[in-house]
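Q: Got a minute to go over this one with me? I'd like to start with the ligand site.
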Amino acid sequence: MSQASTQVDAHTPWADPLSAKDHKRVARYIQQTAGIQLPASKRSLIEGRLRKRQRKLGYASLHEYIEMVLDSGAGAAERLHLLDAITTNKTDFYREPDHFRFLREYILGELAPLRAAGWERPLRIWSAGCSSGEEPYTIAMEMLEIRQDNPGFHFQVHATDISVSCLDTARRAIYPHARVEPVPLAVRRRYLLRSRDKTRDLVRMAPEVCEKVRFATFNLLTDSYDFEPRFDMIFCRNVMIYFNHSDRAQIAQRFAHSLQPGGVLFIGHSETLTGQTTFFQQLIPAVYQKISDRR
Ligand SMILES: C[S@@+](CC[C@H](N)C(=O)[O-])C[C@H]1O[C@@H](n2cnc3c(N)ncnc32)[C@H](O)[C@@H]1O
């Protein structure tokens, strides 16, 4: 059990509902820290997710748990778990596969000038909001496929997320076999290995994939975007959907500043880059190219 101030036992009823006031407090905290919007329609979803933490730590009510997290010095460490519990981490290998078809064709088109320039520098790709790693590993596998026929081609994938537990999973690079179903068979054979633990149906990413991807924590709302050299491509898919309009606009501008001239931004298919015509032009749905270098 925990630091809980109230004694609880197996008969304690856990189901105190999340009050409107506590919902607002949690929503304000999450909006300020991570930019994620939690309107009233999300109240029962939040209640379910926070209930798990409340139970795990042995607090008698949601209200007590929330007070501990938001009001006490002892809550600092738990705030990370609160954020983890609230964020939606859904992801997949080859999610929104059009993007990866486009990526491959686009890079093949870009290779000639890179080759002509003597392959001077690696292509830099940022997966921002990478969740548990499926997106950056998909990018790395696709890039390795290109490298097979173009040995001079080099790339790096920088993968970031606000969620520490997602990044732990990503760095472990081990997934249930069922999760890699969207990976084309030929790619699977080259870059996925049976896990050493033969009792479980797990696969792990091959070392040559892992070494191309660097993971780090990064809060898109509050961290500094001083990347040098800048990126050739940024994937930020299904992340900004949870942000309000002004945070989305600000982050899109920061992405523009973090891209090389002509760099490409991928967003989720259900997202839009409205109001960003100063910086970006659309190439295909959910793919934009930087057109301006105004800082
Ligand atoms: C739904 S997942 C999307 C994963 C992947 N990009 C994809 O499309 O499959 C959204 C991710 O954004 C992360 N996220 C949410 N708010 C964030 C913030 N302020 N800064 C960085 N990452 C954030 C979450 O932790 C989560 O892993």
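Q: Which domains does the shell around the ligand draw on?
A: Domain 1 (20-86) and domain 2 (98-290) each give at least three residues to that shell. Those bounds come from an automatic or database domain assignment. Keep in mind this is a predicted model: local features need pLDDT of at least 70, side-chain atom pairs count only at pLDDT 80 or more, and totals for chains, interfaces and linings use all residues. Residues are numbered from 1 along each chain as its sequence is written.

Q: OK, and which residues come nearest to the ligand?
A: Thr91, Gly129, Ser131, Ile162 and Leu220, out of 25 around the ligand. A residue is near if its C-beta atom, placed from the backbone, lies within 6 Å of the molecule.

Q: How does that shell divide into nonpolar, polar and charged?
A: Nine nonpolar, 11 polar and five charged. Ala, Val, Leu, Ile, Met, Phe, Trp, Tyr, Cys and Pro count as nonpolar, Asp, Glu, Lys and Arg as charged, and the others, Gly among them, as polar.

Q: Switching to the domains: what separates their centres?
A: 30 Å between domain 1 and domain 2, taken over C-alpha atoms. Seven residues from domain 1 and 11 residues from domain 2 make up the contact, where C-beta atoms, placed from the backbone, lie within 7 Å.

Q: What gives the largest share on the domain 1 side?
A: Helix H4 (residues 75-86), with three residues. Helices (H or I, at least four residues) are DSSP runs, numbered from the N terminus.

Technical notes: Contact = placed C-beta atoms within 7 Å. Helix = DSSP H or I, 4+ residues; strand = E, 2+ residues; numbered from the N terminus.
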